[in-house]
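Please look at the sequence and the model together, and follow how some of the helices and one of the loops are placed. The report below goes through them in turn.

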Amino acid sequence: MKIEKEPARGEAVTSDNSPTLCRGDDNASSASETKPGSGDASLLPDPLRGSPGFPIGATHNASSASETKPGSGDASLLPDSLRGSPGFQIGARHNASSASETKPGSGDASLLSDPLRGSPGFPIGATHNASSVSETKPGSGDASLLSDSLRSGPALSAEARLPINRCNLPAVVLGGLTYQQYPSPLLIDGVAELHADLFRRLAAAAPGTAAEVFRDYLTVRFQLEWLEEMGYTGHASNRAKANYIRMIRGWSFDSDSREGAVLKGWVESRFGLMPRYHGEPLRDPSGEGYRRYQEMRSQGLYGTNALESQFDLVYSFCQRELALRHQGAQHVTLYRGINRVGEHEVLAKGKGGRQTILLNNLSSFTCSRDRACEFGDYIMAVDIPLTKIFFHCGLLPGVLQGEDEFLVIGGVVDVSLSTI
């Protein structure tokens, strides 16, 4: 943690464009170098002019307030945090480049930032030469210096995420392993404010009618049955029914289809998690595979009624229903059948079939282990946070059937692999 030093208050800044009237032979480059007889006290700034204990003409060569020597100035040269602080010896030389290199006698604990001040096990004066937090050695700091993702396991790499997204947590947080272990709610920007009427209707709905209320709201809000009201002219008949239901059903048939590209693009836009696979591995944003994915995504969105905004409401409705049906729960164990482990990005391997992998930004799972056996020789069991479930088979009757399918938002996860 770098702490910027305050500039020395004993240096006067003189503009090159403003002439300075001097009496005598004044060759000093600054007020702190003024010698007796070369000028008068008017050359000194107000804090120094006439201050007790500062002899006019004393040479002040200290590069910062922490290097001030006895006799070259008084305590008024020091910043407020250092002036009068217990244990700070006036005149002690502070050569530390950061607070973590502060040596005993050169300052007090007020120089340290709040996370370091008084932290257990951090010896004041220990030299911290680590080039990064992950290289911190015992004795130079404590575990609070490490980010959660580094303390718990591999972090989400920069090439797998966007620097910005449209929810309340950045991608590096919600896509990390720590989030899988300690999830918190994910809120998409603007949904609660723009669609407050939907949530009022859901709160007032009779038991068992929430799905019907939700469908009616989206049908009216996005004019799904009155496309002419939204500008439909009949020229693009294949896009007339491109709504959230058709996209989710298209995913269930082929996750690498145009519908799959639209859903993966929504995850990329809202949560900042880049797709890692769509018909082929996507590692290079400038490569042909990523260009093809972007083309399919654009084709799927063209001519639709705010399709990604429809997905926003599907996710928010799913989260509301999961919170009501599973009060107090944070995870659900889901399964996925695979044939080749090497098809996934394995970040770390542990004992007993435990592995840390990076999932695609949207993947299909099932809540039935027996059902997962139908899709591969290896069974991947994962404790998925409820906040990362975009849709599941029981949310809207008739949309997903037959496979107990869950659509899961990706990131780094700890999994358990086993055979049939």
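At what angle do helix H5 (residues 196–204) and helix H10 (residues 307–325) pack, and how far apart are their axes? In this predicted model, the angle between H5 and H10 is about 30 degrees, and their axes lie 12 Å apart. Because angles under 35 degrees count as roughly parallel, H5 and H10 are described as roughly parallel to each other. The crossing in which H5 passes H10 is right-handed. On the side of H5 the contact is made by Leu198, Phe199, Leu202 and Ala203, while H10 contributes Leu313, Ser316, Phe317 and Arg320. Sorted by character, the residues of this contact of H5 with H10 are six nonpolar, one polar and one charged.

Helix H10 also packs against helix H6, and here the axes come within 12 Å and cross at roughly 165 degrees. Since an angle over 145 degrees counts as roughly antiparallel, H6 is roughly antiparallel to H10. H6, too, passes H10 in a right-handed crossing. The residues that make this contact are Ala210, Ala211, Phe214, Tyr217 and Leu218 of H6, together with Gln310, Leu313, Val314, Phe317 and Glu321 of H10. They divide into eight nonpolar, one polar and one charged.

The two packings can be set side by side in a table.

| Helix pair | Angle between axes | Axis distance |
|---|---|---|
| H5 and H10 | about 30 degrees | 12 Å apart |
| H6 and H10 | roughly 165 degrees | within 12 Å |

One residue of H6 deserves a separate look. Ala210 lies in helix H6, which spans residues 210–221, and Ala210 counts as buried because its relative accessibility is 13%, where buried means under 20%. Apart from neighbours within four places in sequence, Ala210 is in contact with Leu202, Phe317 and Glu321. Although Ala210 and Phe317 are 107 residues apart along the chain, their C-alpha atoms are separated by 9.2 Å.

Is Asn360, a residue of a loop, buried or exposed? Asn360 belongs to the loop between strand E3 (354–358) and strand E4 (362–366), and with a relative accessibility of 14% Asn360 counts as buried. When residues up to four places away in sequence are not counted, Asn360 touches Lys264, Pro275, Arg276, Tyr277, Gly410 and Gly411. With Tyr277, one of these residues, there is a polar approach as well, in which a polar atom of the Asn360 side chain lies 2.8 Å from the backbone oxygen of Tyr277.

How values were computed. Residues numbered from 1 in each chain as written. Predicted model: local features only at pLDDT ≥ 70, side-chain atom pairs only at ≥ 80, totals over all residues. Heavy atoms only, no water. Helix = DSSP H or I, 4+ residues; strand = E, 2+ residues; numbered from the N terminus. Buried < 20%, exposed > 50% of the residue type's maximum accessible area, 1.4 Å probe, protein only. Polar contact = N/O pair within 3.5 Å; in protein donor to acceptor, adjacent residues only side chain to side chain. Contact = heavy atoms within 4.5 Å. Axes fitted to C-alpha atoms, helices over the stretch in contact; angles between N-to-C directions. Parallel < 35°, antiparallel > 145°, perpendicular 65-115°, else oblique. Left-handed = near helix turned anticlockwise from the far one by under 90°. Nonpolar A, V, L, I, M, F, W, Y, C, P; charged D, E, K, R; others polar.
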